[in-house]
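Open the model in your viewer and have the selection tool ready. The tour goes from the contact between two chains to the inside of one of them.

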Amino acid sequence: MRVGQAKAKKRGRSRAGGAISLQKRLRVSEQRLRLLQERYELLMGAINEGVYDWNVADDTIHYSENVQKAVGLPPALLKTTADWRGRIHPDDLPRYVAGFVDHFKGRTERYECDYRYRALDGSWRWARQHGIALRDKTGRVQRVIGATGDITEFKQAEDALRKSEERYALATSAAVEGIYEWDLESGMLFLTERAKIFFSFPADQLTPAAWNTRVHAEDYAGYRAAMVDHFKGRTPHLEHEYRIADGQGGYKWVLDRGIGMRNAKGRVTKLVGALSDITQRKRAEIELRRARDQAEEALEQQTATAEILGVMSSSPTDVEPVFEAIVQSGIRLFEGAGVTVTRPENGQVRLMAIAERDPERARRWKERFPFPLTREYMHGVAILDCRMVDMPDVEQMDERFAAGKRNFAASGYRAMTVVPMVKDGAAVGTIAVVRDAAGPLSDRQIALLKTFADQAVIAIENVRLFNETRESLDQQKASAEVLGAISSSIADTAPVFDKILESCERLFAGRIVGLNLVQEDGLLHIGAYHGAHREELERIFPLPVTPESGSGLSIVEGRVVHYPDTEHGDGVPARTRQGCKAIGIKSVLFAPMLWEGRGTGAIFVGRDHVSSFSEKEIALLRIFADQAAIAIENVRLFNEIQEKGRQLEIASRHKSEFLANMSHELRTPLNAIIGFTRIVMRRSEEHIEPKQYENLEKILASGQHLLALINSILDLAKVEAGRVEVNPGEIGLSPVLESCARTVEPLVKADAVTLVKEFDGALPQMVVDEEKLRQIVINLLSNAAKFTSRGSIRLQAHASNGSVAIAVADTGIGIPPDKLEVIFEEFAQADASSTRVYGGTGLGLTIARRLARLMGGEITAESVLGSGSTFTLTLPLRYASPGA
Amino acid sequence: MKTILIVEDVALNRELLVQLLEDDYRLVLAADGVAALERAAEAKPDLILMDLSLPRMDGWEATRRLKADETLSRIPVIVLSAHAMRGHEDRARASGCDDFLTKPIDETLLFEKIARHLGD
């Protein structure tokens, strides 16, 4: 209805526009014009609009204004018939042309044709064109006037209708086509008329035998069996599907449902049944089965690729099982075929895996490998050009594959497809399928082959990554082990060298590894060696450190020296060539052991075959060489320190012994000097001149000073030798300080200096070595007394935060700032001359500070030159031995 | 007058002690450890001043033997030593001496110690 309404609507509108344009253009007779108008109306009633006027003589076409709207094409594109023809579907073009020919020859009253044309957007649309030829007096066609319009919607509707009719026809076709009755006794077969028509059964052939001959040969046995089963009573009725000739050269599938009429004996006398045409259903079933087979095939392929993935994941270290899985899957999926995986290696194509059902053929096929990697072979092209090479029939094989063809001939295959395994744009191998039968692989099989190739690439990559990771892990581990050996054997290089050589043997697959060292004689000696024929090597050593040997050269030039071929390679030093030959080595790598630019040796790895060491291996050997150099340096330093330590210990012992002896030896005469002086002074005071008595006093004072010096030196020696023990005990600080003050009081110049005690609150109990505390405090107080001629000496103390600070502040001569630390050094009073003026050994403060430190404390000094000094002793309130 | 045995190998030091003590005590002298034991047994002194570094038998050993001898063990022994090291005094006390003085001798201290041990 919709189409009809649209037509009615358009008709009125276009008729007006179309007529005006026609009248303007046509110069024809009244009669012709009338005829034309009549025809025109006819035309307009039939189709959408768009009128044309084709001048046949000069092949120009004029259009009505609305033609563009009618067919969606601008008139500019449709100036000649050639323009039109160019747009018509090739399938429809003959009809289009034939229609005109018929009309021009007067065989048709008017031209009429439905055809497909290409719209502006490139799609195919349906057009319906009408036309009427205008002729001259002789009957020749001068022009054609007509209309054209788009009928795509109509065609679609028509199409839909036809399809629904077809569906309807289908639905009815499955119904019972006929009934038969077969009288077994008379041998007559009766068919309904409809069945006869359907099966094109001529009436005179209505015998069971004729029917039987029509049954498809493949189905006959089944049909007979079903029949026999039913006749023998094994089935309640006959129900069987089979093909039967349709009498027109084809077959139809029928469903035969029948039931036997039995006599008293149970024999079937008559079979009555219905025949249904189930051809459609069967076709659908077959189609379904084919689809299912395809699905199954796809599933099988998926299973195969999944299996390969499984193998890949379970063998990350080895590509072999993956290749094996690929060829095994391949042979299962490609019928009548052999499958191979190959890889390029040293300019050859090497067979990695093969699957072929016939072992004899497998053997012959294997014998073809390896062959050269050239474009004379299909494998070569696949690998070198990185593309698939498909050879559906060896008979057609190109001469450029001459070599490949020979292989083919030898193996007896007819077709081969080689797919490259591509990694980063380069082929790392191939997967090939060889076949007995000529013919190409299906797209799906090729896709599967490519999937296998991708999987193989992934497997190869996996293994490479795995090995690389394991390798670098091994190297790190080895390097760490060597470092471990270095740190645990600083006294001996042997364990480090052993560990390095052991690691080298493992990581380089080196047949020999060794370490040559520059010894004290300046020559290279064998430091360590793992490998055979050591005695041969020893014959060559020692060597000078010169470029005449690999070790020497690497040390002299401070670089790695690499000889991939020691026998034939260029620039191999004579010594190295000779040495390698002696121990059966064909390739060798030397790395220098350098310490602060000085070569201490070289490490080397050798193999019994010609081969280049990789960048990674070179870097690794360099690391080992560095580690060896560190080990040597460590041991050297360690021995040096050990030796120095030993010497120091001996010196210290000597010093202590010397001091002890000296002390004893000096005291003995001093004992006599002091003792006798005292006796003389006591007994002769009244008998000798006062001046001489003073001299005796000076002797006594000097003797006593000397004694003090000896005692101090002895004390200091004891502290330095660590022979002074701290004997802590609990004491009251106040009484000890009071007692120290009392001891020093006689030294204080009583008339000008006051000794003041300033203790903050009640001082706590203290755990300390009382004797040493006294020694320190008395030393500080007596120093103050010594250097203070007027003013005060204040003994201050206060405890806080677990420590106590005891200060002695005087108003003495003071100490210059730059001497504040120096005064704690041995024999260093602030002024070197002050000893003579102020007395003292010059060791008191040194000893006091050492004792303070020994007890976990410290003595510090502050001073203003000329106005006084303050020495502060800080000590922990409770002494804790350093070991505690 | 009480008797003091002076054991000292260095003549000068022996002489010094003699001069210090001869006015107040009867003195018996010995120059080594062996002689010291003999003099002590003969003279039965009231007190012994014992040097440590002695020829033939050192002061520690002599003191140990004196103290081991029942007839002599009650005689006070004052050790005089130039060895100021702590170990010397400890070893001396361990050998059984009654008192210890370091050289050079502080005569006041010497007189005090002698008087104390003699119960004067």
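Start by selecting the residues where chain B and chain A touch: 19 residues come from chain B and 20 residues from chain A. Keep in mind that this is a predicted model.

Show the surface of both chains next. The size of an interface is often given as the accessible area lost when the parts come together. Here chain B and chain A bury about 1,900 Å² between them, and 58% of that area is on carbon and sulfur atoms.

Now look for charged pairs across the contact. How many salt bridges are there between chain B and chain A? The count is 2. To see a salt bridge, select B:D23 and A:R683, whose side chains meet at 3.7 Å, N to O. Between the two chains, 4 residue pairs are in polar contact, counting pairs with both residues at pLDDT 80 or more.

Stay on chain B and select residues 11-21, which form helix 1. This helix gives the most to the side of chain B that touches chain A, with 6 residues. Colour that side by residue type: 9 residues are nonpolar, 4 are polar and 6 are charged.

Leave the contact and go to the largest nonpolar core, which has 48 residues. Select A:L773, A:I806 and A:L873, the residues with the most contacts inside this core. Then select helix 23 of chain A, residues 770-787, which gives the most to the core, with 7 residues.

Finish by centring on A:L873. Setting aside residues up to four places away in sequence, A:L873 touches residues including A:L773, A:I776, A:V777 and A:L780. A:V804, A:A805 and A:I806 are also among those A:L873 touches, as is A:E858.

Methods. Residues numbered from 1 in each chain as written. Chains lettered and ligands numbered in written order. Predicted model: local features only at pLDDT ≥ 70, side-chain atom pairs only at ≥ 80, totals over all residues. Heavy atoms only, no water. Contact = heavy atoms within 4.5 Å. Buried area = accessible area lost by both parts, 1.4 Å probe. Salt bridge = Lys/Arg side-chain N within 4 Å of Asp/Glu carboxyl O. Polar contact = N/O pair within 3.5 Å; in protein donor to acceptor, adjacent residues only side chain to side chain. Helix = DSSP H or I, 4+ residues; strand = E, 2+ residues; numbered from the N terminus. Nonpolar A, V, L, I, M, F, W, Y, C, P; charged D, E, K, R; others polar. Core = buried A, V, L, I, M, F, W, Y, C linked by side-chain atoms within 4.5 Å. Buried < 20%, exposed > 50% of the residue type's maximum accessible area, 1.4 Å probe, protein only.
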